[in-house]
Structure formats: structure tokens, C-alpha cells
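Please load the model in a viewer and keep the selection panel at hand. The stops below are arranged as a sequence of selections, each followed by a description of what is found there.

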Amino acid sequence: MRAAVVLFPGSNREGDALRALRAAGIEASTVWHGEHGLPAGTDLAVLPGGFSYGDYLRCGAIAARSPIMDAVRAHAARGGLVLGICNGFQILVESGLLPGVLVRNADLRFVCQFQHLRVERADTPFTSCYREAETIEVAIAHGEGNYTADAETLARIEGDGLVAFRYCDVQGHVKDGRSPNGSTNEIAGIYSPNFRVLGLMPHPENLIDPLVGGTDGLKMFESLADSLASA
Amino acid sequence: MKARITVTLKTGILDPQGKAIEGALRSLAIPGVESVRQGKVFDIELSDTAAAGAEQTLKEACDKLLANTVVENYRIELL
């Protein structure tokens with residue numbers, strides 16, 4: 001599998017993303033946002049965390065209109081894999097690849113902490129190495145991660161099983177109103193209808209080494225590596 | 001020609017910044033403040049050649065970039 005990590009002005013987690021991809025045996029390189037195409041043979045496009053364009057206008061808004069995003073949209077339309085982490089998730093919703101929007105955290109605070117998540121399904125290219133309903137611990141670090149969508153969109157996301165991860169406590173209990181940022185239905189990440197595009201606020205790429213707090217994030221990258229090996 | 005675009009959050013969308021400002025105004029004892037919603041203003045200068053279809057051009061600018069119509073409304077004023 002080959003992955004391209006898109007570098008926007010203000011991205012700052014691209015190194016972490018590259019490291020996590022390579023740790024799972026995925027060949028990975030960066031591509032500049034001003035390019036009009038992804039490198040030949042790209043299976044997975046990764047939009048990393050950071051503060052693209054200084055979060056000007058709205059988080060991810062300007063990055064979502066950069067030249068490379070037409071190529072990412074075309075890649076997704078062909079059924080290519082796309083992973084957006086944190087600012088990358090914000091870019092995905094701004095680009096129309098995923099529905100809804102991420103607004104300011106309900107309590108106005110930038111949250112930076114370890115966080116438990118419930119894996120909603122384990123039958124996708126991103127989660128096949130997890131168990132369904134497994135509780136994992138990863139890191140979150142964002143000021144605008146409060147997932148919001150209109151009632152019709154939410155009903156569709158929930159009805160079609162497109163929620164990827166929910167914020168939960170250490171026992172795996174998802175409690176109404178207990179997300180760290182005010183997200184509707186405690187949503188931490190969502191899929192596109194074909195489960196090939198995933199956007200999530202937490203940082204699985206930061207939890208791949210026992211030296212820095214755990215390895216629960218590594219399985220996402222191993223899942224991706226497996227999905228292509230078996231394709 | 002000049003135009004002003006005002007982008008505001010839709011009714012019902014949580015506006016924590018507006019709420020914080022509302023609280024600050026109350027703490028300053030500014031009388032009669034019922035509520036505050038924060039928005040954005042864009043002052044745009046258009047070339048004379050663009051003036052003819054200005055309303056349409058600016059609507060496109062709002063829909064494509066200036067507003068996220070999932071949570072925001074916009075108002076265009078030609079000045």
C-alpha cells in the first residue's frame with residue numbers, strides 16, 4: 001500500500017502520520033497542497049492534523065479549496081481511501097467529502113488529553129484489526145471538534161451506521177452530553193457511505209509506541225495495511 | 001463598487017463565543033443586553049466590470065467559501 005500525506009501550510013502532524021503509516025509497513029510520502037495530483041499509485045490519501053492556514057475564516061475552510069483537494073475528491077470518487085485526522089477531518093467536512101461541520105468546543109476550551117473511544121464497527125478498512133465496541137485510548141488536541149449536523153443528516157449517519165468512533169469513558173460507556181467538546185451523539189469520527197473515507201478528531205497516529213503512552217492507535221494503520229494486502 | 005457581506009450563525013446553532021461576550025457585557029453592567037451572537041463581516045471591493053452581475057458573483061463567493069451554509073447564513077449588501 002502507498003499513502004500520500006498532504007502537507008498544507010500550517011499542518012504540523014504530518015511527521016506523526018508518516019511515522020504511524022510506516023510503522024504499519026505502509027509506504028508513505030508527503031505531497032504539497034499546491035499539487036494538482038496525488039503521486040501515481042496512491043491508495044490512501046491522509047490529511048494530517050495541524051492548523052492549516054492558521055484556521056483563518058473557518059478551520060479547514062481554505063485548505064479544502066486548495067488544488068490538491070480536487071485530486072483527493074477524484075481519488076475518493078474512484079473508491080480510494082481517505083483519512084482525515086483532526087484538522088484533516090475539518091478539511092474533509094469543509095470540502096464536502098463528509099457531512100456536517102466541526103464548530104468551537106462547547107466550553108470554549110482547547111482540549112488536550114488522553115481520551116477513550118468506542119470503536120463502533122470493525123468491518124471497515126480502517127478498523128478491521130479492532131473488535132466491535134472495543135474501548136481504545138488515544139489522544140485528542142483541538143479547539144474546534146464539536147461535531148454538528150442538521151437533524152436529517154444526523155438521522156442518515158446514525159441510520160446507515162456511519163459513526164466510526166464515539167467518545168466514551170474508561171469502561172466504554174457512551175454517556176449523553178459527556179463528550180469532551182459537545183459533539184452531537186458523542187461523535188468522534190464518521191465514515192462516508194462506502195466506508196472508504198474516514199474523518200476523526202482524535203489522533204490515533206500519536207499512540208503507536210508504548211514509550212509515549214500506548215499503542216491503541218497503531219491498529220488503525222495495521223487495518224489499512226491489511227485492507228490493501230487482502231484487496 | 002463596494003459590497004459588504006455579513007455571515008452569522010443560524011438560529012439554534014450554539015455560539016459559545018457570543019455567549020462569552022454576552023457574559024462579559026453583563027459583567028461590565030452594560031444595561032439591557034438580552035443576548036449576543038457573533039458573526040463575521042467581509043468588505044469587498046469589486047472591479048467595475050464585475051458590477052453588473054455583482055449580486056450573483058457575491059452569492060457564489062458566499063456559497064463556495066465565505067459561509068458554511070450548514071451552520072451559517074449570509075447577507076449581501078451592495079454599497
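Against which elements of chain A do the buried residues of helix 5 of chain A pack? Select helix 5 of chain A, residues 218-229, in this predicted model. Its buried residues pack against helix 1, strand 3 and strand 4 (81-85) of chain A. To display that buried set, select A:Lys219, A:Met220, A:Phe221, A:Leu224, A:Ala225 and A:Ser227. The helix has 12 residues and reaches 17 Å from its first C-alpha to its last, close to the 16 Å expected at 1.5 Å a residue.

**The sheet of chain A**

Next, show the strands of chain A as a cartoon. An open sheet is formed by 9 strands in the order 2-1-3-4-11-10-9-6-7, with mixed pairing. Strand 2 and strand 7 (135-142) of chain A stand at the edges; each has a single partner strand, so one side of each lacks a neighbour in the sheet. From one strand to the next, the twist averages 25°.

Now select strand 1 of chain A, residues 2-7. Is this strand largely enclosed or largely open? Of its 6 residues, 5 are buried, so strand 1 of chain A is largely enclosed by the rest of the structure. Add strand 2 of chain A, residues 27-32, which pairs with strand 1 of chain A in the parallel sense over 6 bridges. To locate this pairing, label A:Ala4 and its bridge partner in strand 2 of chain A, A:Ser29. Then trace the chain between the two strands: from strand 1 of chain A it passes through helix 1 (residues 14-23) of chain A to strand 2 of chain A, a right-handed β-α-β crossover.

Strand 3 of chain A, residues 44-47, is the next selection. It pairs with strand 1 of chain A in the parallel sense, over 3 bridges. Here A:Ala3 stands opposite A:Leu44 of strand 3 of chain A.

**The antiparallel part of the same sheet**

Move on to strand 6 (residues 111-119) of chain A, which is joined to strand 7 of chain A by 8 bridges, the two running antiparallel. A:Val111 is placed opposite A:His142 of strand 7 of chain A. Strand 6 of chain A also pairs with strand 9 of chain A, in the antiparallel sense and over 4 bridges; one position to label is A:Val119, whose bridge partner in strand 9 of chain A is A:Phe165.

From strand 9 (residues 163-168) of chain A, continue to strand 10 (residues 187-191) of chain A: these two pair in the antiparallel sense over 3 bridges. The residue opposite A:Arg166 is A:Ile187 in strand 10 of chain A.

**Two positive phi angles in loops**

Most residues other than glycine have a negative phi. Select A:Tyr53, whose phi is near 50°, a positive value in a residue other than glycine. A:Tyr53 lies in the loop between strand 3 and helix 2 (67-77) of chain A. Is A:Tyr53 buried or exposed? A:Tyr53 counts as buried, because it has 22 C-beta neighbours inside 10 Å and the threshold for burial is 20 or more.

Then select A:Leu108, which is not a glycine but has a positive phi of about 70°. A:Leu108 belongs to the loop between strand 5 (101-103) and strand 6 of chain A. A:Leu108 is exposed, with 12 other C-beta atoms within 10 Å.

**Chain B**

Hide chain A for the next stop. In chain B, 3 strands form an open sheet in the order 2-1-3, with antiparallel pairing. Its edge strands are strand 2 (39-45) and strand 3 (72-78) of chain B, each pairing on one side only. The average twist from one strand to the next is 15°. Strand 1 (residues 2-9) of chain B pairs with strand 2 of chain B over 7 bridges in the antiparallel sense, and B:Lys2 stands opposite B:Glu45 in strand 2 of chain B.

Add helix 2 (residues 54-66) of chain B, which lies across strand 1, strand 2 and strand 3 of chain B and runs at about 155° to strand 3 of chain B.

**Where the chains meet**

Finally, show both chains together. Contacts link 9 residues of chain B with 12 residues of chain A. Helix 1 (residues 16-27) of chain B gives the most to the side of chain B that touches chain A, with 3 residues. That side of chain B has 7 nonpolar, 2 polar and no charged residues. Just after helix 1 of chain B, select B:Ala29, which takes a positive phi of about 60°.

Conventions:
Residues numbered from 1 in each chain as written. Chains lettered and ligands numbered in written order. Predicted model: local features only at pLDDT ≥ 70, side-chain atom pairs only at ≥ 80, totals over all residues. Contact = placed C-beta atoms within 7 Å. Nonpolar A, V, L, I, M, F, W, Y, C, P; charged D, E, K, R; others polar. Pairing = 2+ DSSP bridges. Right-handed = clockwise from strand over helix to strand, strands pointing away. Axes fitted to C-alpha atoms, helices over the stretch in contact; angles between N-to-C directions. Expected span 1.5 Å × (residues − 1).
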